[in-house]
Amino acid sequence: AYGSVFWVLAGYLALTVAVGVALQIALLFRLPTEYADRDGFTGLQVQITALYWYFAVAAGAAVFAVLYL
């Protein structure tokens, strides 16, 4: 039973990292073409991506605490 909990939580962390990398790649492709855009959406996407990585780190800390402490 504990082995399956480990793999589910490891899969959850892998999913959060994959989503974060996808956000980073989308941001990488959007920045050169719309950097001079005045509507602010690129800045908003940078903020959303940064906040998502904070969430991913917090999720990783929580999973570490559940599994190893």
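Before anything else, my yardstick for cover: buried means under 20% relative accessible area, exposed over 50%, and partly exposed in between, with a 1.4 Å probe and protein chains only. I'm working on a predicted model, where local features need pLDDT of at least 70, side-chain atom pairs count only at pLDDT 80 or more, and totals for chains, interfaces and linings use all residues. Residues are numbered from 1 along each chain as its sequence is written, and side-chain values use heavy atoms, with hydrogens and water left out.

**Entry: overall look**

I started with the secondary structure, taking helices (H or I, at least four residues) and strands (E, at least two) as DSSP runs numbered from the N terminus. The protein chain gives 2 helices and 0 strands. Next I checked burial: 16% of the 69 residues count as buried.

Then contacts, meaning heavy atoms within 4.5 Å. I looked at those between residues at least 6 apart in sequence, and 68% of them join residues at least 24 apart.

For the surface I used Shrake-Rupley accessible areas with a 1.4 Å probe; for residues, only the protein chains shown count as cover. The chain exposes about 5,200 Å², and carbon and sulfur atoms supply 76% of that.

**Entry: a nonpolar patch**

Which residues make the nonpolar surface patch of about 370 Å²? I found V17, V21, I25 and F29. My patch rule takes residues with over 30% relative accessible area and no salt bridge, joining like charges within 9 Å and nonpolar side chains (Val, Leu, Ile, Met, Phe, Trp, Tyr) within 5 Å. A salt bridge here is a side-chain nitrogen of Lys or Arg within 4 Å of a carboxyl oxygen of Asp or Glu.

I looked up two of the members. F29 sits in helix α1, residues 2-34, and counts as exposed because its relative accessibility is 60%. V21 is in helix α1 too, but at 39% relative accessibility V21 is partly exposed.

**Entry: across the sequence**

From V21 I jumped to W53: the two are 32 residues apart in sequence, with 9.5 Å from C-alpha to C-alpha. T16 and W53 are 37 residues apart along the chain, and their C-alpha atoms are separated by 8.8 Å.

Is T16 buried or exposed? With 5% relative accessibility, T16 counts as buried. T16 belongs to helix α1, and beyond residues up to four places away in sequence it touches Y52 and F55.

Q45 was my pick from helix α2. Q45 counts as buried, at 15% relative accessibility. Setting aside neighbours within four places in sequence, I see Q45 in contact with L23, A26, L27 and R30.

I also tried V5, in helix α1. V5 is partly exposed, since its relative accessible area is 41%. V5 and L67 are 62 residues apart along the chain, and I get 8.7 Å between their C-alpha atoms.

**Entry: rings**

How many aromatic pairs does a search of the whole structure find? I got 4. Rings of Phe, Tyr and Trp (its six-membered ring) pair if their centres lie within 6.5 Å; planes under 30 degrees apart count as stacked, over 60 as edge-to-face and the rest as tilted.

F6 and W7 form an edge-to-face pair, 5.1 Å centre to centre with 80° between the planes. F6 is partly exposed, with a relative accessible area of 29%, whereas W7 counts as exposed at 63% relative accessibility.

The rings of F64 and Y68 have centres 5.2 Å apart and planes at 45°, so I noted that pair as tilted. Both residues lie in helix α2, residues 41-68, and they are 4 residues apart, about one turn of the helix. On cover, F64 counts as partly exposed at 45% relative accessibility, while Y68 is exposed with a relative accessible area of 52%.

Last ring note: Y52, W53 and F55 are linked into a cluster by ring pairs. I had already met Y52 and F55 as residues that T16 touches.
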